[in-house]
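The questions below ask what justifies each term used for this structure, and the answers set the values against the definitions.

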Amino acid sequence: MTNTQNGSSDHLLFAKDISMGYAERTVIDTLSLAVETSKVTALVGPNGSGKSTLLKALARLLSVNTGVVYLDGKAITKLPSAVVARRLAILPQGPNAPRGLTMAELVEQRRFPHVGALRMLRHQDHDAIKRALTLTNMTKFAHRSLDTLSGGERQLAWIALTLAQDTSILLLDEPTTFLDIGHLLEVLDLVQQLNQERGMTIILVLHDLNQAARYAHRMVVLNHGQIVADGVPHDVLTPPLLAEVFKVQANIVPDPASNTPICLPYAVVSHEEQPDTVES
Ligand SMILES: Nc1ncnc2c1ncn2[C@@H]1O[C@H](COP(=O)(O)OP(=O)(O)OP(=O)(O)O)[C@@H](O)[C@H]1O
Ligand SMILES: [Mg+2]
């Protein structure tokens, strides 16, 4: 198992002892996560375990109550917004599509952190926009507004917007939602390509554990706001972990294509075996 707790200046992104939540409710309690540079990390865990909350903290969309998130070794709260936006881009879960704006207009906005106060796009900005639309096969929708796209097309549009920011760190919260199996594989292949060819550091939240095992170098499992397992997929995806965290009994078999572990759940852990918990 890799050590999630110890970050260093080698880590572009490092959450140290963070606690946070909503109003009175603590969702994440004293968690540390050092994101491995130029690797793909999958963040998995049951519904409500705190994955989106943690991702937003890493992107400074939510502030932490205690602890610090470091970007390039500096407290992220001390960095100007444009500096953060040039370094990391986030695709949040269920983003709201602004009404009326075309993809072309929205994608241009993603270049503003790069162009400064004058907001004049240069050659490299147009190139980045073109690249993002081509990589996601969304050029044909450039002049459509997001609210007129289908669920899957809109998801790809958001991925294009995120890529147009041209950052070396990408945080993707359930990027494959709404996608058919072909588009789903295209997006995960794109994640792999961006990592392998450009050395991008990518964290993605996924519910499909088999996809996580296949596409990520490292899996981090969150349960009740705490990291309960962290390591390479072979070490993490085990029957005891699936029973404890996801409350399922499962067999693990090797994927014939990639030899990564595949989880085949066959029963839920019976309620008598689960402790009663009451949400506060
Ligand atoms: N805006 C909010 N106000 C109050 N509580 C919230 C808010 N957003 C999330 N929560 C609560 O915080 C906890 C963690 O939510 P979070 O969205 O981080 O979970 P998640 O692991 O991403 O779940 P899912 O897999 O369903 O997306 C949940 O119990 C949720 O009800
Ligand atoms: Mg979520």
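Two strands are said to pair if DSSP finds at least two bridges between them, and the strands (E, at least two residues) and helices (H or I, at least four) are DSSP runs numbered from the N terminus. The model is a predicted one, in which local features need pLDDT of at least 70 and side-chain atom pairs count only at pLDDT 80 or more, while totals for chains, interfaces and linings use all residues. Residues are numbered from 1 along each chain as its sequence is written, and chains are lettered from A and ligands numbered from 1 in the order in which they are written.

Q: What makes E6 and E7 a pair?
A: The criterion is at least two bridges, and 4 bridges join E6 to strand E7 (residues 169-173), the two running parallel. One of the partnerships is that of Ala 89 with Leu 170 in E7.

Q: Why is one side of strand E6 and of strand E10 left without a neighbour in the sheet?
A: The open sheet has 6 strands in the order E6-E7-E8-E3-E9-E10, with mixed pairing. Strand E6 (88-91) and strand E10 (226-231) stand at its edges with a single partner strand each, so one side of each has no neighbour in the sheet. Neighbouring strands of this sheet are turned by 15 degrees against each other on average, direction ignored.

Q: What supports the term "mixed" for the pairing in this sheet?
A: E3 and E9 pair in the parallel sense over 4 bridges, with Val 44 opposite Val 221 in E9, whereas E9 and E10 pair in the antiparallel sense over 5 bridges. In E10, Ile 227 is the bridge partner of Leu 222, and E9 and E10 form a hairpin with 2 residues between them, where His 224 in the turn has a positive phi of about 50 degrees.

Q: How do you know that strand E9 is mostly covered?
A: A residue is buried if 20 or more other C-beta atoms, placed from the backbone, lie within 10 Å of its own, exposed if 12 or fewer do, and partly exposed in between. In strand E9 (residues 218-223), 5 of the 6 residues are buried.

Q: What makes E4 and E5 a pair, and in which sense do they run?
A: 2 bridges join strand E4 (residues 66-71) to E5, and the strands run antiparallel, with Tyr 70 standing opposite Ala 75 in E5.

Q: What describes the crossing of H5 and H6?
A: The axes, which are lines fitted to C-alpha atoms over the stretch in contact, with angles from 0 to 180 degrees between N-to-C directions, come within 8 Å for helix H5 (residues 123-135) and helix H6 (residues 151-164) and cross at roughly 145 degrees. Residues count as in contact if their C-beta atoms, placed from the backbone, lie within 7 Å, and Ala 128, Ile 129, Ala 132, Leu 133 and Leu 135 of H5 make the contact with Ala 160, Leu 163 and Ala 164 of H6.

Q: Which residues surround ligand 1, and by what criterion?
A: A residue is near a molecule if its C-beta atom, placed from the backbone, lies within 6 Å of it, and those around ligand 1 include Tyr 22, Val 27, Asn 47, Lys 51 and Gln 93. Helix H1 (residues 51-58) gives the most to this shell, with 3 residues.

How values were computed. Two residues are in contact if their C-beta atoms, placed from the backbone, lie within 7 Å.
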